[in-house]
Amino acid sequence: MRFRGFTAYCLLLTAFCLLLAACDVGNVAQPTPIELTATAAPTNRPEPPTSTPRPPETPTATAIPLSERGYVPVLSYHHIRDWIKSDTTEDRAYIFPVDDFEAHLQYLKEKGYTGVTSGQVYEYYANGKPLPEKPVMLSFDDNDVNQYTNAVPLLKKYGFNATFFIMTVTIDQENYMTAEQLKELDQDGFDIQPHTWDHHMVTQYETEDDWELQIAGPKKTLEEL
């Protein structure tokens, strides 16, 4: 199995999740992360299913102490499609073949993992709200339409929720998801979150207008949608 660009994304997004704890991460218990092993890539593509799992409910319980909040693996994806001849090496770092993606989901399903959303991960790190026994956060960046056409049917097939981070300038543009598709994902129970307006580097925001355009504005756009 090929996990192109996988290690770098996991490290970056794990660091992001740990920042949500707003605490000394040195005190956080660190269970062993997922050890992905090679499995045969499925050869048959699934028929589009008709339902999507909602975020799993967890029993009401006392908040988990800070020292006992462990590691939640986060897997980040961009393009979910097969490589084509014109793809450069740099392109392929962001392109995950469909069969490889299904092999990921198949492995996670067989090992008993449950897909959780960004909101659930935040509540776990910030407030100690319990998660399922073996959580994993699956995230998709930028709003590429192949996430809708290729990833979503497989997420439904294997029973995983996921978070889609939407670059809102792309909505209804060619090769990106439409407003109607995003509303459908939301109604199906997927987590929809902003990923800035046009992917402008956050460290280059200089004025209040920059923050409004790139952060507050996209959040409002998705909420209204």
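The following passage describes the confidence of the model, its salt bridges and a nonpolar patch on its surface.

The structure is a predicted model, and its confidence varies along the chain. The average pLDDT of the chain is 83, and 73% of the residues reach a score of at least 70. Over residues 1-46, however, the pLDDT lies below 50, although this stretch has 82 contacts in the model beyond near neighbours in sequence.

The number of salt bridges in the model comes to 5, and among them is the pair formed by Lys156 and Asp188, whose closest N and O atoms are 3.0 Å apart. This pair links distant parts of the chain, since Lys156 belongs to helix α5 (residues 145-158) whereas Asp188 is placed in the loop between α6 (179-187) and β7, with the two positions 32 residues apart in numbering. Lys156 has a relative accessible area of 13% and is therefore classed as buried, the cut-off for this class being under 20%.

Two further salt bridges are formed within helices. In helix α6, the side chains of Lys183 and Glu180 meet with an N to O distance of 2.8 Å, and, because the two residues are 3 residues apart in this helix, about one helical turn separates them. With a relative accessibility of 27%, Lys183 counts as partly exposed, whereas Glu180, for which the relative accessible area is 52%, is exposed. In helix α7, Glu223 forms a salt bridge with Lys219, and the closest N and O atoms of this pair are 2.4 Å apart. Glu223 and Lys219 are 4 residues apart in the helix, which corresponds to about one turn. The relative accessibility of Glu223 is 56%, so this residue counts as exposed, while Lys219, at a relative accessible area of 44%, is partly exposed.

Apart from these charged pairs, the surface carries a nonpolar patch of about 230 Å², to which Val169, Trp197 and Leu213 contribute. Trp197 is located in the loop that runs between β7 (191-194) and α7 (208-224). The relative accessibility of Trp197 is 33%, and the residue is therefore counted as partly exposed; this value also satisfies the requirement that residues of a patch have over 30% relative accessible area.

Terms used:
Residues are numbered from 1 along each chain as its sequence is written. This is a predicted model: local features need pLDDT of at least 70, side-chain atom pairs count only at pLDDT 80 or more; totals for chains, interfaces and linings use all residues. Side-chain values use heavy atoms; hydrogens and water are left out. Patches are made of residues with over 30% relative accessible area and no salt bridge: like charges are joined within 9 Å, nonpolar side chains (Val, Leu, Ile, Met, Phe, Trp, Tyr) within 5 Å. Accessible areas come from the Shrake-Rupley method with a 1.4 Å probe; for residues, only the protein chains shown count as cover. A salt bridge is a side-chain nitrogen of Lys or Arg within 4 Å of a carboxyl oxygen of Asp or Glu. Buried means under 20% relative accessible area, exposed over 50%, partly exposed in between (1.4 Å probe, protein chains only). pLDDT is the predictor's confidence in each residue, from 0 to 100. Contact means heavy atoms within 4.5 Å.
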